[in-house]
Amino acid sequence: MIVVRDLVKHYRSGDGSVVRAVDGVSFAVEPGEMVGLLGANGAGKTTTLRVLATLLTPTAGTASVAGCDASADPVAVRRRLGYVSATTGVPDRLTPREIFGSFGRLHGLDGAALAARVDRLVAALGLGACADRPAGRLSSGQRQRVSVGRALVHDPPALVLDEPTSALDVIGARDLLDILTGLRDAGHAILVSTHRLHEIERRCDRFVVIHGGRVVAAGTRDELVGPGGDLEQAFFAAVSGAEAR
């Protein structure tokens with residue numbers, strides 16, 4: 001469903017040198033699977049996700065969603081993808097119901113079908129008590145739920161989330177991850193990046209660790225951690241091993 005193959009993204013810095021933000025990254029996410037993309041700041045995670053979301057054009061390689069190439073057919077990718085980040089804002093003056101309706105119309109929904117879709121999202125995201133309250137009066141956790149709902153209004157088969165819990169407290173983060181787990185179980189392909197490894201250690205089916213723009217480890221939790229360890233230890237071991245090479 002989500003396929004990244006030999007992805008490269010280079011930038012030219014102010015002094016004319018080339019910065020290799022992503023340098024040959026490959027991985028895939030299948031329907032009904034949640035994959036964690038792990039890495040330190042500057043590892044290339046956000047750049048990779050922004051290429052998938054059609055916000056950046058790759059230097060080389062490909063990124064595709066449901067068989068649609070993010071560079072060759074970005075509109076088709078946007079129809080099939082929901083993208084959320086920690087910095088995704090919501091309009092303060094609009095209510096969650098109005099925001100969902102506006103984005104639904106942008107995706108070609110209207111009438112009874114749109115109204116039913118908005119009602120389902122409000123219920124699924126636990127926004128019933130504040131669905132008609134301006135977003136500027138919502139808590140950070142509620143606003144993040146609105147961001148997720150906006151990404152889901154067109155019922156995309158794939159979701160990409162960049163640090164979705166960074167602004168949330170423990171309860172808000174748990175609730176959001178419960179929602180994502182339910183979407184995964186319903187058949188969505190989900191790619192999530194976070195620094196809070198403990199939050200997703202038992203949630204994700206597989207993990208991809210990138211460092212210096214390259215994949216340095218990939219596999220299930222058990223494959224990466226081994227007996228008696230934890231995901232954080234496995235992450236540091238993978239990064240240390242890559243730096244030693």
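Helix α6 covers residues 170-185, which makes 16 residues in this predicted model. From first C-alpha to last it reaches 22 Å, close to the 22 Å expected at 1.5 Å a residue. At its N-terminal end sits a cap from Asp169, with a side-chain oxygen 3.2 Å from the backbone nitrogen of Ile171. After α6 comes Gly187, and its phi is positive, near 110°.

Which residues of α6 are buried? The list runs Gly172, Ala173, Leu176, Leu177, Ile179, Leu180, Thr181, Leu183 and Arg184. As for what they pack against, the partners are a mix of strands and helices: β3 (33-38), β7 (158-162) and β8 (189-193), plus α4 (111-124), α5 (140-152) and α7 (197-200).

One of those partners, β7, is home to Asp162. This aspartate is buried but has no salt bridge. Where is the nearest side chain of opposite charge? It belongs to Lys45, 6.2 Å away. A salt bridge needs a side-chain nitrogen within 4 Å of a carboxyl oxygen, so Lys45 at 6.2 Å doesn't make one with Asp162. What Asp162 does have is a polar contact of 2.8 Å with the side chain of Thr46. Skipping neighbours within four places in sequence, Asp162 touches Thr46, Leu49, Tyr83, Val84, Ser85, Ala86 and Ser193.

Strand β3, another packing partner of α6, leads into a loop before α1 (45-52), and that loop holds Gly44. With neighbours within four places in sequence set aside, Gly44 is in contact with Ala21, Val22 and Ile210. Ser64 lies 20 residues from Gly44 along the chain, and their C-alpha atoms are 17 Å apart.

Now for the cysteines and a quick look at burial. Searching the whole structure turns up 0 disulfides. A disulfide is a covalent bond between the sulfur atoms of two cysteines. Cys68 and Cys130 both have low enough accessibility to count as buried: Cys68 comes in at 13%, and Cys130 at 3%. Here they are beside Gly44, which also counts as buried.

| Residue | Relative accessibility |
|---|---|
| Cys68 | 13% |
| Cys130 | 3% |
| Gly44 | 7% |

Why do these three count as buried? The cut-off is under 20% relative accessible area, so Cys68 at 13% qualifies, as do Cys130 at 3% and Gly44 at 7%.

Notes
Residues are numbered from 1 along each chain as its sequence is written. This is a predicted model: local features need pLDDT of at least 70, side-chain atom pairs count only at pLDDT 80 or more; totals for chains, interfaces and linings use all residues. Side-chain values use heavy atoms; hydrogens and water are left out. A disulfide is a pair of cysteine sulfur atoms within 2.5 Å. Buried means under 20% relative accessible area, exposed over 50%, partly exposed in between (1.4 Å probe, protein chains only). Helices (H or I, at least four residues) and strands (E, at least two) are DSSP runs, numbered from the N terminus. The expected span of a helix is 1.5 Å times one less than its number of residues. Contact means heavy atoms within 4.5 Å. A polar contact is a pair of N or O atoms within 3.5 Å; within protein, one must be able to donate a hydrogen and the other to accept it, and residues adjacent in sequence count only if both atoms are side-chain atoms. Lys and Arg count as positive and Asp and Glu as negative; His and the chain ends are not counted.
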